[in-house]
Amino acid sequence: METLKIEQNKEGNNNIIDDKRIRDSNNNNNMDISQDEIFDVAIIGGGFAGLSAALLLGRYLRSTIIFDVGFHRKSNIHGYLGFEKLSTEEVIQKAWKDVLQYKSVRVIKEQVTVIEKDYNNNLFLIKTEGDNKKKKEGKMINQESIEMENIKAKARYVIIATGVEHTKPKIKNFEEYDGNGIWHCPHCDGFETTDKKLVIIAYGNKYNDALDYAKVFLGWTKDIKLFLQREVDNFNNELDYQL
C-alpha cells in the first residue's frame with residue numbers, strides 16, 4: 001500500500017508573514033505602502049486595544065494598517081488571567097508577533113497628525129508627523145505634490161485606540177516611582193497598597209467624589225491620607241483629611 005506524504009504547513013499559511021518581515025517591523029522599518037492602496041481599516045495606536053482589533057481583522061483577511069509610535073505606559077499587568085505581574089513591554093512585544101503573522105496587517109511607526117475625508121466622503125485620508133517633517137525640511141516643493149504625498153494611507157474605516165494619559169502632578173521624582181509605589185487605579189493596583197501607608201492626591205472641587213474614591217482602598221489599608229487639590233498645578237491650597 002502506497003503511503004501519501006503531506007508536508008506540514010503552518011495553519012493559515014497563505015496569510016502568514018515571514019519572520020524576516022516581523023523582525024524588520026520590530027527594527028522600526030515601516031512597511032512600504034502604495035499611494036493607490038486602500039485599506040479596509042486603519043488603527044491608530046498599537047496598544048492592547050489596537051492590537052486586539054488588528055489580530056481579529058488579520059484573521060478575517062481584512063487589509064489593516066496600524067499606526068503606532070511605540071509609546072506605552074510602563075507598568076505591570078494585574079487582574080488579567082494568564083498575564084499576572086507581567087510587564088506591559090513583554091505583553092506588547094508578544095502581541096506584535098501574534099498580529100504580524102498575518103500578511104493583511106501592515107504597520108507604520110509614525111504619529112498620526114491629521115485624519116480627514118476625501119472629496120467623495122468615502123475614504124479616510126491619514127497623514128503623519130513624518131510627512132510634516134519632510135515638508136518642513138523643504139523636500140516637497142510643489143503644493144499639489146505636498147497634498148498627495150502627505151497622505152500616508154487611505155482607509156474605509158478608522159479605529160481610534162490611543163488609550164488614556166493620566167493627569168500627573170508636578171512633583172519632583174514622580175516619574176521615577178510611577179508604577180512602582182505610585183499608582184492611578186484601585187482596580188488595577190489597589191492590592192499593592194495592602195497594609196501600607198497610602199497618600200491620595202485628588203484634583204478639583206468635588207470633595208465628596210474624592211472621599212468616595214479614597215474609601216475604595218479601605219479594604220486594603222486603613223492608613224490613608226487624602227490631599228484635595230483645588231487646582232491641578234496649585235499645591236498651596238490643599239486640604240488634608242485623615243480617614
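**Exercise 1. Find which side chains meet Lys127 and Glu116 in a salt bridge, and work out which strands the pair ties together.**

Solution. In this predicted model, the side chains of Lys127 and Glu116 meet each other in a salt bridge, with 3.0 Å from N to O. The next step is to place both residues: Lys127 belongs to strand E5 (residues 124-128), while Glu116 belongs to strand E4 (residues 112-117), so the pair ties together parts that are 11 residues apart in sequence. The last step looks at accessibility, where Lys127 has a relative accessibility of 8% and therefore counts as buried, because buried means under 20%. Glu116, with a relative accessible area of 32%, is partly exposed.

**Exercise 2. Describe the salt bridge between Arg156 and Asp40, and state how many residues apart in sequence the tied parts are.**

Solution. Begin with the contact itself, in which the side chains of Arg156 and Asp40 meet at 2.9 Å, N to O. Arg156 is found in strand E6 (residues 153-160) and Asp40 in strand E1 (residues 38-44), so this salt bridge ties together parts that lie 116 residues apart in sequence. Turning to the surface, Arg156 is partly exposed at a relative accessible area of 39%, whereas Asp40 is buried at 18%.

**Exercise 3. Name the residues that are linked with Lys168 in a network of salt bridges, and give the count of salt bridges in the model.**

Solution. One salt bridge joins the side chains of Lys168 and Glu175, with 3.6 Å from N to O. Lys168 and Glu175 are also linked with Asp178 in a network of salt bridges. Of the two residues just paired, Lys168 is partly exposed, having a relative accessible area of 32%, and Glu175 is exposed, having 54%. For the model, the count comes to 7 salt bridges.

**Exercise 4. Decide whether Lys85 and Asp195 are buried or exposed, and report the sign of phi for each.**

Solution. Start from the general expectation, which is that most residues other than glycine have a negative phi. Lys85 has a positive phi, near 70°, and its place is the loop between strand E2 (64-67) and helix H3 (88-99). Asp195 also has a positive phi, near 60°, and lies in the loop between helix H7 (186-189) and strand E7 (198-203). To settle the accessibility, recall that exposed means over 50% relative accessible area. Lys85, at 58%, is therefore exposed, and Asp195, at 70%, is exposed as well.

Notes. Residues are numbered from 1 along each chain as its sequence is written. This is a predicted model: local features need pLDDT of at least 70, side-chain atom pairs count only at pLDDT 80 or more; totals for chains, interfaces and linings use all residues. Side-chain values use heavy atoms; hydrogens and water are left out. Helices (H or I, at least four residues) and strands (E, at least two) are DSSP runs, numbered from the N terminus. Buried means under 20% relative accessible area, exposed over 50%, partly exposed in between (1.4 Å probe, protein chains only). A salt bridge is a side-chain nitrogen of Lys or Arg within 4 Å of a carboxyl oxygen of Asp or Glu.
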